[in-house]
Amino acid sequence: MTHEEQVKRMTDMMAKFVGFTGKKLPDDVIAKLTELRSKETEAMPKVIYDTMFRNQELAVKLDRPSCQDTGVLQFWVKCGTGFPLIDDLEALLKEAVVKATFETPLRHNSVETFDEYNTGRNVGKGTPTVWWDIVPHSDKCEIYTYMAGGGCTLPGCATVLMPGEGYEGVTKFVMDRMTSYGLNACPPLLVGVGVATSVETAALLSKKALMRPIGSHNENERAAKMEKLLEDGINAIGLGPQGMGGKYSVMGVNIENTARHPSAIGVAVNVGCWSHRRGHIIFDKDLNYEITTHTGVEL
Amino acid sequence: MVKYENGKKILVTPISAEDLADIKIGDILYLSGSLTTCRDVAHRRVVEEGREIPVDVRNNAILHAGPIIRPLENDKFEMVSVGPTTSMRMEKFEYEFVKTTGVRVIVGKGGMKENTAAACKDFGCIHVVIPAGNAVVAAVAVEEIERAEWRDLGMPETLWNCRVKEFGPLIVSIDSQGRNYFEEKKIEYNKRKDEQIEKICKEVKFIK
């Protein structure tokens, strides 16, 4: 393949993958929802879960996006410095979103700020969002795709606590968000928490936390303990599906952390809705690919 | 009017205040007839700009939603995916909106507050939620898109006037007595939240 052919090939594959992730949820999300559904006994949560599972079946059968809010596309790229398409990546991801928007179809979700008009192409200044992690001595490229819908974007919040507030302050910050905004953000939620120094370091980590599989744990023992404490605590609130009441509230709590300044604890919370449309694909230098989030996909 | 079919309670447009009188929060309903998508900017135009809404929603239903539409030939459209958006964003406009337009059923996502509850009580209206994220279940209940108005607002914000059949399930979140399901639930949730915060805080004293 010439370089131009490779760019086209990767654009086409990413457009297909993005479209696909709007129609079928990742395996870990389906498994967790199946488990939570089986534990509800009251009529209302059962009716809601039945609707959710019927919807996911219909979306695949009719080949349509399962939720109408296909979000602003966000990509988390872990790209090796030796990956042959590194220079083309950001432009080709934008092109892939435009292509997916008309082929899938996706909703037009890019409104230019200040000029306040919808671009009608689902891309705009700085959208799709692309975050870069550069990986030295590698010729591979890993891409997380995420459809950030409006409903589950609204609860997002970051602040900087004084160290005196401690992890008790982190707990209160996360828990308060669940009953003020979380219940409207389509529970059962996946809750991402970032603990770092400043608002932006914590905020990025909180989104990165949402890319981790459900049921995975932070490698730090105390952070993993706090994930479990928060998960059990939010479940005990009993938000249920759609925040209308039930035995459980969340699919999980994932915490990501870095070291912090001694004078500050940056904390952020980001949530994913039950329709957590995350994808993960790994390309080698010849564009052979592996998809880790969904079984049985051919691009 | 109200009809019962296949074990379902179905509201059929046009709907009167009397049709809603014995409906209570937590009831599960379905809707057949006229349903128009209507969200942020459309509310602002009606309430702040004082513009007349180009689709008559009196005694009918609106849906807080921004759908995915596929254009067909001859100015026709197909509903691909449609589901509710966060209703709370329309809260500041909803009292005046209901008063001005005479809408009877507001379909959305999540709770609304005292402005909407007052409108429901004063003008005989209800707010219901359709389980969100279920855009295909909702789209297949749309028989036809009859009109598209205020198209200058783009795909999500256009008023898509739909004819729907047994659109639902719809769970009543504010009834015409002004009772508010989510606000009542929130009292329980906050109580349990405070208990849990106290419990967790004992376990996370990592700074010593």
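**Exercise 1. Locate Asp63(A) and state whether its phi is positive or negative.**

Solution. In this predicted model, Asp63(A) lies in the loop that connects α3 and β1 (72–80) of chain A. Its phi is positive, about 55°, although the residue is not a glycine. Most residues other than glycine have a negative phi. The burial of Asp63(A) follows from a neighbour count: 13 other C-beta atoms lie within 10 Å, so the residue is partly exposed.

**Exercise 2. Determine whether Gln242(A) counts as buried or exposed, and describe its backbone.**

Solution. Gln242(A) belongs to the loop between α8 and β8 of chain A. Its phi is positive as well, about 65°, and it is not a glycine. The neighbour count is 30 C-beta atoms inside 10 Å; a residue is buried at 20 or more, and therefore Gln242(A) counts as buried.

**Exercise 3. Identify the residues joined by the cis peptide bond in chain A and by that in chain B, and place each proline.**

Solution. Most peptide bonds are trans. In chain A, the bond from Thr104(A) to Pro105(A) is cis, with omega near -10°. Pro105(A) is found in the loop between α4 (89–103) and β2 (111–112) of chain A. In chain B, the cis bond joins Gly168(B) and Pro169(B), with omega about 5°. Pro169(B), by its position, is part of strand β10 of chain B.

**Exercise 4. Characterise the packing of α6(A) against α8(A).**

Solution. Two packed helices are described by the angle between their axes and the distance between the axes.

1. Geometry: the axes of α6 (residues 166–180) and α8 (residues 221–237) of chain A come within 11 Å and cross at roughly 35°. The crossing is right-handed.
2. Participants: α6(A) contributes Tyr167(A), Val174(A), Met175(A), Met178(A) and Thr179(A), which meet Met226(A), Leu230(A), Gly233(A), Ile234(A) and Ile237(A) of α8(A).
3. Composition: the contact of α6(A) with α8(A) has eight nonpolar and two polar residues, and no charged residues.

**Exercise 5. Give the strand order of the open four-stranded sheet in chain A, and explain why β6 and β8 stand at its edges.**

Solution. The order is β6-β9-β7-β8, with mixed pairing. In chain A, β6 (157–161) and β8 (250–257) each have a single partner strand, so one side of each is left without a neighbour in the sheet. From one strand to the next the twist averages 15°. The pairing of β6(A) with β9 (residues 265–272) of chain A is antiparallel and comprises five bridges; within this pair, Val267(A) is the bridge partner of Thr159(A). Helix α7 (residues 199–209) of chain A packs on the sheet, touching β6, β7 (189–196), β8 and β9, and its direction makes about 145° with that of β7(A). Helix α8(A) also packs on the sheet, touching β7 and β8, with its direction at about 150° to that of β8(A).

**Exercise 6. Compare the expected and actual spans of helix α6 of chain B, and state what covers its buried residues.**

Solution. The helix has 21 residues (181–201); at 1.5 Å a residue the expected span is 30 Å, and because the end C-alpha atoms are 30 Å apart, the two agree. The buried residues of α6(B) are Tyr181(B), Phe182(B), Lys185(B), Tyr189(B), Lys193(B), Gln196(B) and Ile200(B). Their cover includes α6 and α8 of chain A, together with β10 (159–174) of chain B.

**Exercise 7. Describe the contact between the chains from the side of chain A.**

Solution. Chain A gives 52 residues and chain B gives 47 residues. On the side of chain A, the elements that give two or more residues are α3 (43–62), α5 (150–153), α6 and α8. Of these, α3(A) gives the most, with 10 residues. By class, this side has 27 nonpolar, 19 polar and six charged residues.

**Exercise 8. Describe the surroundings of Met88(B).**

Solution. Met88(B) lies in the loop between β6 (77–81) and α3 (91–101) of chain B. With 20 other C-beta atoms within 10 Å, Met88(B) is buried. Leaving aside residues up to four places away in sequence, Met88(B) touches Asn184(A), Gly110(B), Gly111(B) and Met112(B). The C-alpha atoms of Met88(B) and Met112(B) are separated by 5.1 Å, although the residues are 24 apart along the chain.

Notes:
Residues are numbered from 1 along each chain as its sequence is written. Chains are lettered from A and ligands numbered from 1 in the order in which they are written. This is a predicted model: local features need pLDDT of at least 70, side-chain atom pairs count only at pLDDT 80 or more; totals for chains, interfaces and linings use all residues. Axes are lines fitted to C-alpha atoms, for helices over the stretch in contact, and angles run from 0 to 180 degrees between N-to-C directions. A crossing is left-handed if the near helix is turned anticlockwise from the far one by less than a right angle, and right-handed if clockwise. Two residues are in contact if their C-beta atoms, placed from the backbone, lie within 7 Å. Ala, Val, Leu, Ile, Met, Phe, Trp, Tyr, Cys and Pro count as nonpolar, Asp, Glu, Lys and Arg as charged, and the others, Gly among them, as polar. Two strands pair if DSSP finds at least two bridges between them. The expected span of a helix is 1.5 Å times one less than its number of residues. A residue is buried if 20 or more other C-beta atoms lie within 10 Å of its own, exposed if 12 or fewer, and partly exposed in between; C-beta atoms are placed from the backbone.
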